[in-house]
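Please open the structure in a viewer and keep the sequence panel visible. The tour below proceeds stop by stop, with a selection to make at each one.

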Amino acid sequence: MRTTVNIQDELLRKAKRLALERHETLGRIIEDALRRCLLQSHRVSRTKPTRLPTFKGKGLQPGVDMDNTAGLLDVMEDR
């Protein structure tokens with residue numbers, strides 16, 4: 001199917017150069033790139049969300065500063 005699209009000049013130059021290097025048409029280069037983009041998008045959308053393990057407890061304990069790893073190690077060793 002024939003269609004018209006606007007492509008940034010530099011991107012078009014690179015695509016044309018790639019087509020010449022591969023001895024393919026510009027249309028073929030664009031089709032391949034679009035196929036890869038759609039396939040990647042489909043794969044990403046089908047991945048399951050990651051479940052983070054959680055534990056019962058009272059939450060963050062007093063005196064624990066999550067931004068201070070040295071202090072966090074001290075608190076962990078004391079308990």
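**The whole chain**

Begin with a surface view: the protein has an accessible surface of about 8200 Å², and carbon and sulfur atoms account for 55% of it. Such areas come from the Shrake-Rupley method with a 1.4 Å probe, and for residues only the protein chains shown count as cover. This is a predicted model, in which local features need pLDDT of at least 70 and side-chain atom pairs count only at pLDDT 80 or more, whereas totals for chains, interfaces and linings use all residues. Residues are numbered from 1 along each chain as its sequence is written, and side-chain values use heavy atoms, with hydrogens and water left out.

Change to a C-alpha trace and turn it along its principal axes, where it spans about 70 × 25 × 25 Å. The radius of gyration, taken over C-alpha atoms, is compared with a globule rule of 2.2 Å times the number of residues to the power 0.38. The protein has 26 Å, while a compact globule of 79 residues would have a value near 12 Å.

Colour next by accessibility. Buried means under 20% relative accessible area, exposed over 50%, and partly exposed in between (1.4 Å probe, protein chains only). Of the 79 residues, 8% are buried.

Then display the charged side chains. Lys and Arg count as positive and Asp and Glu as negative, while His and the chain ends are not counted. Each charge is placed at NZ of Lys, CZ of Arg, CG of Asp or CD of Glu. There are 16 positive and 11 negative charges, and their mean positions lie 12 Å apart.

**Helix α1 and the residue after it**

Switch to a cartoon. Helices (H or I, at least four residues) and strands (E, at least two) are DSSP runs, numbered from the N terminus. The protein has three helices and zero strands, in the order α-α-α along the sequence.

Select residues 9-22, which form helix α1. The expected span of a helix is 1.5 Å times one less than its number of residues. For the 14 residues of α1 this gives 20 Å, and the end C-alpha atoms are 20 Å apart, which agrees.

Move on to H23, just after α1, in the loop between α1 and α2. Its phi is near 55°, a positive value in a residue other than glycine. H23 counts as exposed because its relative accessible area is 74%.

**Helix α2 and its salt bridges**

Select residues 26-46, helix α2, and show the side chains of R28, E31, D32 and R35, which are linked in a network of salt bridges. A salt bridge is a side-chain nitrogen of Lys or Arg within 4 Å of a carboxyl oxygen of Asp or Glu. By this rule the count comes to four.

Centre the view on D32. Is this residue buried or exposed? D32 counts as buried, since its relative accessibility is 18%. D32 pairs with R28, the closest N and O atoms being 3.5 Å apart; these two residues of α2 are four residues apart, about one turn of the helix. R28 is partly exposed, at 44% relative accessibility.

D32 also meets R35 in a salt bridge (3.4 Å, N to O), and these two residues are three residues apart in α2, again about one turn. R35 forms a further salt bridge with E31, with closest N and O atoms 3.9 Å apart. Because R35 and E31 are four residues apart in α2, about one helical turn separates them. E31 is partly exposed, with a relative accessible area of 41%.

Now pick A33, also in helix α2. A33 counts as partly exposed, with a relative accessible area of 38%. A distance label drawn from A33 to R13, 20 residues apart along the chain, gives a C-alpha separation of 15 Å.

**The loop before α3**

Finish at G63, in the loop between α2 and α3 (69-78). G63 counts as exposed, since its relative accessibility is 70%. Add V75 to the selection: the C-alpha atoms of G63 and V75 are separated by 8.0 Å, and the two residues are 12 residues apart along the chain.
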